[in-house]
Amino acid sequence: MRQNIFSAISISSLLLIFFMFGYDSTKWYGNFFTFLYRVNMFIPFILGGLGITSALFGIKGYRMVLVVLHLFLLLLFFCIYLKAFFVP
């Protein structure tokens, strides 16, 4: 039962990070993601860490898939943040 909860937390954080990557601030759902970015601009990394740790405690068949997807999105956000910070 606990493994189902951890997997659900990991999947929900994965979806939230995925939608944060390509949100449109002019749409009806844009206010929520704008709020998340205004709270802290590193929210995708925090949610990614939460998702990876909960995926490691999740259902055994989905662990590696969830961890790889989280790492891919974290790497994507990391490259975007590096480009935004260091490329003039």
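Hi everyone. Among contacts between residues at least 6 apart in sequence, 65% in this protein join residues at least 24 apart. Keep that number in mind as we walk through the structure, and please remember that we are looking at a predicted model.

Let's start with the overall layout. The secondary structure comes to four helices and zero strands, so if you read from the N terminus on, the order is α-α-α-α. The C-alpha trace spans about 45 × 30 × 20 Å along its principal axes. Of the 88 residues in the protein, 30% are buried.

Now, how do helix 1 and helix 2 sit against each other? Helix 1 covers residues 2-21 and helix 2 covers residues 30-39; they pack at an angle of about 95°, and their axes are 10 Å apart. That angle makes helix 1 roughly perpendicular to helix 2. If you zoom in on the contact, you will find Leu-16, Phe-19 and Met-20 from helix 1 meeting Phe-32, Phe-33, Leu-36 and Tyr-37 from helix 2. Sorted by type, the residues of this contact are seven nonpolar, no polar and no charged.

Let's stay in helix 1 for a moment, because Ser-7 lies there and Ser-7 is buried, with a relative accessible area of 5%. Which residues does Ser-7 touch, leaving aside its neighbours within four places in sequence? They are Ser-54, Gly-58, Ile-59 and Leu-66.

On to helix 4, which runs over residues 63-86. Helix 4 has 24 residues and reaches 34 Å from its first C-alpha to its last, close to the 34 Å expected at 1.5 Å a residue. Its buried residues are Leu-66, Val-67, His-70, Leu-73, Leu-74, Phe-77 and Tyr-81. What covers them includes helix 1, helix 2 and helix 3, the last of these being residues 43-56. Leu-71 is also found in helix 4, but Leu-71 is partly exposed, with a relative accessible area of 47%. From Leu-71 to Ile-52 is 19 residues in sequence and 7.9 Å in space, C-alpha to C-alpha.

Last topic: the aromatic rings. How many aromatic pairs does the structure hold? There are eight. A quick reminder for anyone new to this: we describe a pair of aromatic rings by the distance of the centres and the angle of the planes.

Take Phe-45 and Tyr-81, whose pair is tilted, at 5.2 Å centre to centre with 45° between the planes. Phe-45 lies in helix 3 and Tyr-81 in helix 4, so this pair ties together parts that are 36 residues apart in sequence. Phe-45 is partly exposed, with a relative accessible area of 23%, whereas Tyr-81 is buried at 12%.

Tyr-81 also pairs with Phe-85, and this pair is stacked: 6.2 Å centre to centre, with 20° between the planes. Tyr-81 and Phe-85 both lie in helix 4, four residues apart, which is about one turn of the helix. In general, an α-helix has 3.6 residues a turn, so residues three or four places apart point the same way. Phe-85 is partly exposed, with a relative accessible area of 46%.

And here is the bigger picture for the rings: Phe-21, Phe-42, Phe-45, Phe-77, Tyr-81 and Phe-85 form one aromatic cluster. Try finding that cluster in the viewer, starting from Tyr-81. Thanks for listening!

Methods
Residues are numbered from 1 along each chain as its sequence is written. This is a predicted model: local features need pLDDT of at least 70, side-chain atom pairs count only at pLDDT 80 or more; totals for chains, interfaces and linings use all residues. Side-chain values use heavy atoms; hydrogens and water are left out. Axes are lines fitted to C-alpha atoms, for helices over the stretch in contact, and angles run from 0 to 180 degrees between N-to-C directions. Helices (H or I, at least four residues) and strands (E, at least two) are DSSP runs, numbered from the N terminus. Angles under 35 degrees count as roughly parallel, over 145 as roughly antiparallel, 65 to 115 as roughly perpendicular and the rest as oblique. Contact means heavy atoms within 4.5 Å. Ala, Val, Leu, Ile, Met, Phe, Trp, Tyr, Cys and Pro count as nonpolar, Asp, Glu, Lys and Arg as charged, and the others, Gly among them, as polar. Buried means under 20% relative accessible area, exposed over 50%, partly exposed in between (1.4 Å probe, protein chains only). The expected span of a helix is 1.5 Å times one less than its number of residues. Rings of Phe, Tyr and Trp (its six-membered ring) pair if their centres lie within 6.5 Å; planes under 30 degrees apart count as stacked, over 60 as edge-to-face and the rest as tilted.
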